[in-house]
Amino acid sequence: MNSAWLSKPYYSLDAYLKYTYKEKYYKLALDGGFTCPNRDGTLGQGGCIFCSAGGSGDFAARTTPASVKEQILAGRQVFSEKNTGSRLIAYFQAYTGTYAPVSYLQDMYTAALSLPEVAGISIATRPDCLGEDVLELLAALKKRYPEKFIWIELGLQTIHEDTASFVGRGYPLPVFEEAMTALTERNIPVIVHVILGLPGETPDMMYETVRYLNHIPDTRGTSHAALHPFGVKLQLLHILQNTALADMYLENRIAGFSTLSQAEYTDILIHALELLSPDIVIHRLTGDGPKDLLIAPLWSLNKKNVLNTLHKTMKQRQTYQGRCFYAAGPTDFI
Ligand code: SF4
């Protein structure tokens, strides 16, 4: 285990921020007023089957037309500097944060980047919403704000096309790879979202997704030189009210499907961490859905317990992020 990991058995975002910026930052979720091509009819109407009305964010519904600046200033008052540090990461979380005319995007991102309390921005989006104009804007903003960072968060969820099709992700894997290449060429760090526990996926399938991100030759013999993202969010599948997945789940329409128990999730998560390269920063280890919309699994509401159980079990097993990555060697690991 790396001593720079702040006593955790994985490379957490907290550890990364502390050793990179010598400061604690907190992440403030923003609603930039975006929509999503998977919801507005361009690609589909219903969105991914697990996506709630808030667009995969904490926003159960759009309630305020507040500007980005107003949201940041209001958010600032909620947190005490003692616990969070004095600066923040402005997180464009709701819906698809690059899906708008580029002039609108520029206004949104600049509104955040120009505030002194904003250390950087993180934009959640889809890999098929990163056109050349958007990439050019991101590169230009990087030059204009060299002391701040710009991260992109991509919702991959799984590498398995059957699962992706079932959940209605709306793009095939090569689109993700092209986006990774384009972002890597522009030195824009990427955080990849992976969901553990999707219908039809065995633990081995989830591990294949994690191994793929290491950009090690996979079972098909291909390599993915542009992968190996800056960070990963490993998320438990949540079933949220008013989603297509909730309807299927409540009506027992997915043969053999059940949500993961805490013991199953802990085991899968630990092995996913063991497989993952130790230099990939872990941005999340649980779910992040709105509590009042959660149908299952309810044990995940106690985040503190989920993380304490994970830490305790990893300690008992004397394991850590990258243990299997090293054990197998980065070139012959399959
Ligand atoms: S791409 Fe994101 S915002 Fe769009 S439907 Fe899927 S989860 Fe929701």
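This report walks through a predicted model of a protein, starting with the whole fold and moving on to a few of its parts.

## The big picture

Let's start with the overall counts. The protein has 334 residues, and 40% of them count as buried. Its chain forms twelve helices and nine strands.

How do residues far apart in sequence figure in the contacts? Take the contacts between residues at least 6 apart in sequence: 80% of them join residues at least 24 apart.

## The sheet

Seven of the strands form an open sheet, and you can read their order as 1-2-3-4-5-6-8, with parallel pairing. Strand 1 (25-30) and strand 8 sit at the edges with a single partner strand each, so one side of each has no neighbour in the sheet. Going from one strand to the next, the twist averages 25°.

Now look at the edge with strand 1. This strand pairs with strand 2 (residues 87-92) in the parallel sense, and six bridges join the two. If you want one bridge to find in the structure, try Y26, whose partner in strand 2 is L88.

## Strand 6 and its neighbours

Which residues of strand 6 are buried on each side? On one side you'll find G231, K233 and Q235, and on the other V232, L234 and L236; all are buried, so both faces of the strand are covered. Put as a count, six of the six residues in strand 6 (residues 231-236) are buried.

Strand 6 has bridges to strand 5 and to strand 8. With strand 5 (residues 190-196) it runs parallel, and six bridges join them. Here H193 has K233 of strand 6 as its bridge partner. With strand 8 (residues 281-284), strand 6 also pairs in the parallel sense, over three bridges. In that pairing, V232 is matched with I282 of strand 8.

## Helices lying on the sheet

Some helices lie across the strands. Helix 4 lies across strand 2 and strand 3 (118-125), and its direction makes an angle of about 150° with strand 3. Helix 10 lies across strand 5 and strand 6, running at about 145° to strand 5.

Helix 8 (residues 203-213) belongs in this part of the story too. Its buried residues are M206, T209, V210, R211, Y212 and L213. What do they pack against? The buried residues of helix 8 meet strand 5, strand 6 and helix 10. Right after helix 8 comes H215, which has a positive phi, near 55°.

## Two pairs of packed helices

Two packed helices are described by the angle between their axes and the distance between the axes. For helix 2 (residues 68-78) and helix 4 (residues 102-113), the angle is about 30° and the axes are 9 Å apart. The crossing of helix 2 and helix 4 is right-handed. V68, K69 and I72 of helix 2 make the contact with M108, A111 and A112 of helix 4. By type, the residues in this contact between helix 2 and helix 4 split into five nonpolar, no polar and one charged.

The other pair is helix 10 (residues 262-275) and helix 11 (residues 303-316), whose axes come within 10 Å and cross at roughly 55°. Helix 10 and helix 11 are therefore oblique to each other, and their crossing is right-handed. On the helix 10 side, Q262, T266, L269 and I270 make the contact, meeting V306, T309, L310, T313 and M314 of helix 11. The residues of this contact between helix 10 and helix 11 come out as five nonpolar, four polar and no charged.

## Two residues to look up

Is Y10 buried or exposed? Y10 counts as buried because it has 26 C-beta neighbours inside 10 Å, and the cut-off for buried is 20 or more. You'll find Y10 in the segment before helix 1 (13-21). Leaving out residues up to four places away in sequence, Y10 touches W5, L273, I282, Y320 and Q321. The C-alpha atoms of Y10 and D279 are separated by 9.4 Å, although these residues are 269 apart along the chain.

Now try A140, which is in helix 5 (residues 132-144). A140 is exposed because it has 11 other C-beta atoms within 10 Å, and the cut-off for exposed is 12 or fewer. From A140 to Q106 it's 34 residues in sequence and 10.0 Å in space, C-alpha to C-alpha.

Key. Residues are numbered from 1 along each chain as its sequence is written. This is a predicted model: local features need pLDDT of at least 70, side-chain atom pairs count only at pLDDT 80 or more; totals for chains, interfaces and linings use all residues. Helices (H or I, at least four residues) and strands (E, at least two) are DSSP runs, numbered from the N terminus. Two strands pair if DSSP finds at least two bridges between them. Axes are lines fitted to C-alpha atoms, for helices over the stretch in contact, and angles run from 0 to 180 degrees between N-to-C directions. Angles under 35 degrees count as roughly parallel, over 145 as roughly antiparallel, 65 to 115 as roughly perpendicular and the rest as oblique. A crossing is left-handed if the near helix is turned anticlockwise from the far one by less than a right angle, and right-handed if clockwise. Two residues are in contact if their C-beta atoms, placed from the backbone, lie within 7 Å. Ala, Val, Leu, Ile, Met, Phe, Trp, Tyr, Cys and Pro count as nonpolar, Asp, Glu, Lys and Arg as charged, and the others, Gly among them, as polar.
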